[in-house]
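Visitor: Please take me through this structure one feature at a time. I would like the general idea each time, and then the case at hand.

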Amino acid sequence: KNRPPLSLTKLAKFMANKDGKVAVVVGTVTDDKRLFDVPQLSVCALRFTEAARARIVKAGGECLTFDKLAMRSPLGKGTVLLRGPVKSREAERHFGKAPGVPNSKTAPYVRSKGRKFEKARGRRKSRGFKV
C-alpha cells in the first residue's frame, strides 16, 4: 500500500527541470512504452523492472540503491523524494460513505458484475429510481 510504483513517464515529468539531483522513490520504478526518449536521470529506488533499468542506463543515467545513496549523500542533500499514486489501488474505491447512501460514489463489494448483481431498482434511473 505504501510503496506504489512510479512509471518512467512520471519520473521524467517530475524531474524535468531538476538537473543534477537524484530522484528517490520508495517503491518500484516501472517502464512506460509510451515514453519515447528517456532523459538522463539518477534514480534511487527499492526496485526497478528490468526494462526500466535498461532504459535508464541506456540514456546515460544511473540506478542506485538506498545504501549507495546513503554513502553518496548521507544528509539527503540534492535529492528529490517522489512517490507513486497511493490512492489508485482498487481497494480505495470501496472506502467512504456506504454504497446506496445519497451522494455516495463508493463502489459496493459485489460477487459478480453481471446483469443481476446490484443493477436493479435504486441503482439506475431507468429502473424506477436512483438513490
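Visitor: Which residues does glycine 78 touch, not counting residues up to four places away in sequence?

Guide: Contact means heavy atoms within 4.5 Å. Here glycine 78 touches Gly20, Lys21 and Val22, once residues up to four places away in sequence are set aside. This is a predicted model, in which local features need pLDDT of at least 70 and side-chain atom pairs count only at pLDDT 80 or more, while totals for chains, interfaces and linings use all residues. Residues are numbered from 1 along each chain as its sequence is written, and side-chain values use heavy atoms, with hydrogens and water left out.

Visitor: Where is the place of glycine 78?

Guide: Helices (H or I, at least four residues) and strands (E, at least two) are DSSP runs, numbered from the N terminus. Glycine 78 sits in the loop between α3 (66–72) and β5. From phenylalanine 48 it is 30 residues away in sequence and 21 Å away in space, C-alpha to C-alpha.

Visitor: How does glycine 78 count by relative accessibility?

Guide: Buried means under 20% relative accessible area, exposed over 50%, and partly exposed in between, with a 1.4 Å probe and protein chains only. Glycine 78 has 34% relative accessibility, so it counts as partly exposed.

Visitor: Now glutamine 40. Which residues is glutamine 40 in contact with, leaving aside its neighbours within four places in sequence?

Guide: Those contacts are Ala59, Gly60 and Gly61. Glutamine 40 itself lies in the loop between β2 (22–30) and β3 (42–48), and its 64% relative accessibility makes it exposed. A polar contact is a pair of N or O atoms within 3.5 Å; within protein, one must be able to donate a hydrogen and the other to accept it, and residues adjacent in sequence count only if both atoms are side-chain atoms. One such pair joins the glutamine 40 side chain to the backbone oxygen of glycine 60, at 3.1 Å. For a longer span, take glutamine 40 and alanine 98: they are 58 residues apart along the chain, and 47 Å separates their C-alpha atoms.

Visitor: What lines the second largest pocket?

Guide: On a 1 Å grid over the protein atoms alone, a pocket is an open set of points with protein on both sides within 12 Å along at least five of seven lines, where lining residues have an atom within 4 Å of a point. The second largest pocket is lined by residues including Gln40, Pro39, Leu41 and Ser42, with Gly20 and Lys21 also among them. Ala, Val, Leu, Ile, Met, Phe, Trp, Tyr, Cys and Pro count as nonpolar, Asp, Glu, Lys and Arg as charged, and the others, Gly among them, as polar. By that scheme this lining has five nonpolar, three polar and three charged residues. A volume is the space filled by probe spheres set on the grid points, which are joined across faces, edges and corners; for this pocket it is about 190 Å³.

Visitor: What volume does the largest pocket have?

Guide: Its volume is about 550 Å³. The lining of the largest pocket comprises 24 residues, and Arg93, Thr106, Ala107, Pro108 and Arg123 lie nearest the centre. By class, the lining of the largest pocket has eight nonpolar, seven polar and nine charged residues.

Visitor: How many disulfides does the structure hold?

Guide: A disulfide is a pair of cysteine sulfur atoms within 2.5 Å. The structure holds zero. The sulfur of cysteine 44 has its closest cysteine sulfur in cysteine 63, 10.0 Å away, which is too far for a bond. Cysteine 44 is buried at a relative accessible area of 0%, and cysteine 63 is also buried, at 18%.

Visitor: Is glutamate 92 buried or exposed?

Guide: Glutamate 92 is buried, with a relative accessible area of 16%. It is found in the segment after β5 (79–82) and touches Lys1, Val86 and Lys87, residues up to four places away in sequence not being counted. Lysine 87 lies in the segment after β5 as well, but at 65% relative accessibility it counts as exposed. The C-alpha atoms of lysine 87 and asparagine 2 are 9.7 Å apart, with their positions 85 residues apart along the chain.

Visitor: What value does phi of asparagine 103 have?

Guide: Phi of asparagine 103 is near 65°, a positive value in a residue other than glycine. Asparagine 103 lies in the segment after β5 and is exposed, at 70% relative accessible area. Glutamate 118, likewise placed in the segment after β5, has a positive phi near 55°. Glutamate 118 is partly exposed, with a relative accessible area of 41%.

Key:
1 Å grid on protein atoms, 1.4 Å probe; cavity = no way out; pocket = protein on both sides within 12 Å on 5 of 7 lines; lining within 4 Å.
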